[in-house]
Amino acid sequence: DTMEVIDPKVPYQDNSWDCGVFVCRYAYALYLMRNRRITYGAAGVETRPYFRNLITDSPEFNFNMSDIGRVRDELKQLITNLSPKYFEAKAKEKLEQDEKRKAKKRKIQAEATAKATTSADAKDGEEKKSEEDHGEAIDRAVDMAVDGAEV
């Protein structure tokens with residue numbers, strides 16, 4: 001079996017810059033038609049005219065270039081209105097990620113300190129590292145662990 005190709009008549013752009021606006025407008029028209037039952041049973045014996053006219057004759061696809069200009073302006077206004085909220089949300093997300101990273105670093109720092117202290121205490125007769133060397137080693141281990149490297 002093969003599937004029949006149906007080529008409904010739809011509005012076309014008459015310039016080279018409104019293709020995205022047309023795609024948005026087509027998507028909106030299909031969204032408006034989302035609850036309409038589209039079945040072969042409803043088409044009857046001859047499916048081609050039914051499916052072609054379903055789009056061609058529908059009010060959802062009845063738009064022209066002046067409508068596209070209005071949609072372009074509405075999209076511009078929508079983006080202008082949403083941009084501050086988007087950037088605010090992204091800044092908040094970054095702060096939360098930074099806080100999680102700091103919390104992870106503090107946890108790893110505490111674990112590394114506890115491990116180093118236990119290890120140092122276990123070495124009875126051996127000479128201990130100076131506190132400065134010990135701190136630097138912990139810092140390196142923490143940075144590696146936070147960045148996902150093996151310690």
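Reader: How should one read burial for a single residue, and is Phe63 buried or exposed?

Author: Phe63 has a relative accessible area of 7% and is therefore buried, since burial means a value under 20%. The model is a predicted one. Asn62, by contrast, is exposed, with a relative accessible area of 62%. Asn62 is placed in the loop between helix 3 and helix 4.

Reader: Which residue 52 positions away along the chain has its C-alpha atom 8.0 Å from that of Asn62?

Author: That residue is Val10.

Reader: Before further details, how many helices and strands does the protein chain have, and what pattern does the chain follow along the sequence?

Author: There are five helices and zero strands. In sequence order the pattern reads α-α-α-α-α. Of the 151 residues in the protein chain, 19% are buried.

Reader: How does one read a nonpolar core, and which residues form the largest one here?

Author: A core is to be read as a set of buried nonpolar residues joined through their side-chain atoms. The largest one here has eleven residues, including Phe22, Met33, Phe51, Phe61, Phe63 and Val71. Helix 1 (19–32), helix 3 (47–56) and helix 4 (65–122) are the elements that give two or more residues to this core. Another core, of seven residues, lies apart from it, with Ile108, Ala116, Val142 and Ala145 among its members.

Reader: Where does Val142 lie, and is Val142 buried or exposed?

Author: Val142 belongs to helix 5, residues 131–146. With 0% relative accessibility, Val142 counts as buried. The C-alpha atoms of Val142 and Lys104 are 9.2 Å apart, while the two residues are 38 positions apart in sequence.

Reader: How are aromatic pairs to be read, and how many are there?

Author: One considers the distance between ring centres and the angle between ring planes. The count comes to five aromatic pairs. One of them joins Tyr26 and Phe63, at 5.8 Å centre to centre with 55 degrees between the planes, and is tilted.

Reader: Why does this pair tie together parts that are 37 residues apart in sequence?

Author: It does so because Tyr26 lies in helix 1, whereas Phe63 lies in the loop between helix 3 and helix 4. Ring pairs also link Phe22, Tyr26, Phe61 and Phe63 into a cluster.

Reader: How does one approach salt bridges, and how many does the structure hold?

Author: Side chains of opposite charge can pair when their charged atoms come close. The structure holds seven salt bridges. In one of them, Arg72 pairs with Asp18, and the closest N and O atoms are 2.9 Å apart. This pair links distant parts of the chain, as Arg72 is in helix 4 and Asp18 is in the segment before helix 1, 54 residues apart.

Reader: Is Asp18 buried or exposed?

Author: Asp18 is buried, at a relative accessible area of 1%. Arg72 has 33% relative accessibility and counts as partly exposed.

Reader: How far apart in helix 4 are Lys94 and Asp98?

Author: They are four residues apart, so about one helical turn separates them. The side chains of Lys94 and Asp98 meet in a salt bridge of 3.2 Å, N to O. Asp98 is partly exposed, with a relative accessible area of 31%.

Reader: Which residue forms a salt bridge with Glu99?

Author: The partner is Arg106, with the closest N and O atoms 3.2 Å apart. Glu99 is partly exposed, at a relative accessible area of 41%. Asp67, Arg70 and Glu74 are joined into one network by salt bridges that share partners.

Reader: How does one read a polar contact to the backbone, and which side chain has a polar atom 3.2 Å from the backbone nitrogen of Trp17?

Author: The value to compare is the separation of the N or O atoms, which must be within 3.5 Å. Here the side chain is that of Asn15. Asn15 is found in the segment before helix 1, and is buried with a relative accessible area of 15%.

Reader: Turning to the surface, which residues make the nonpolar patch of about 310 Å²?

Author: The patch is made by Tyr28, Tyr31 and Leu32. Tyr31 lies in helix 1. Its relative accessible area is 46%, so Tyr31 is partly exposed.

Methods:
Residues are numbered from 1 along each chain as its sequence is written. This is a predicted model: local features need pLDDT of at least 70, side-chain atom pairs count only at pLDDT 80 or more; totals for chains, interfaces and linings use all residues. Side-chain values use heavy atoms; hydrogens and water are left out. A nonpolar core is a set of buried Ala, Val, Leu, Ile, Met, Phe, Trp, Tyr and Cys residues joined through side-chain atoms within 4.5 Å. Buried means under 20% relative accessible area, exposed over 50%, partly exposed in between (1.4 Å probe, protein chains only). A polar contact is a pair of N or O atoms within 3.5 Å; within protein, one must be able to donate a hydrogen and the other to accept it, and residues adjacent in sequence count only if both atoms are side-chain atoms. Patches are made of residues with over 30% relative accessible area and no salt bridge: like charges are joined within 9 Å, nonpolar side chains (Val, Leu, Ile, Met, Phe, Trp, Tyr) within 5 Å. Accessible areas come from the Shrake-Rupley method with a 1.4 Å probe; for residues, only the protein chains shown count as cover. A salt bridge is a side-chain nitrogen of Lys or Arg within 4 Å of a carboxyl oxygen of Asp or Glu. Rings of Phe, Tyr and Trp (its six-membered ring) pair if their centres lie within 6.5 Å; planes under 30 degrees apart count as stacked, over 60 as edge-to-face and the rest as tilted.
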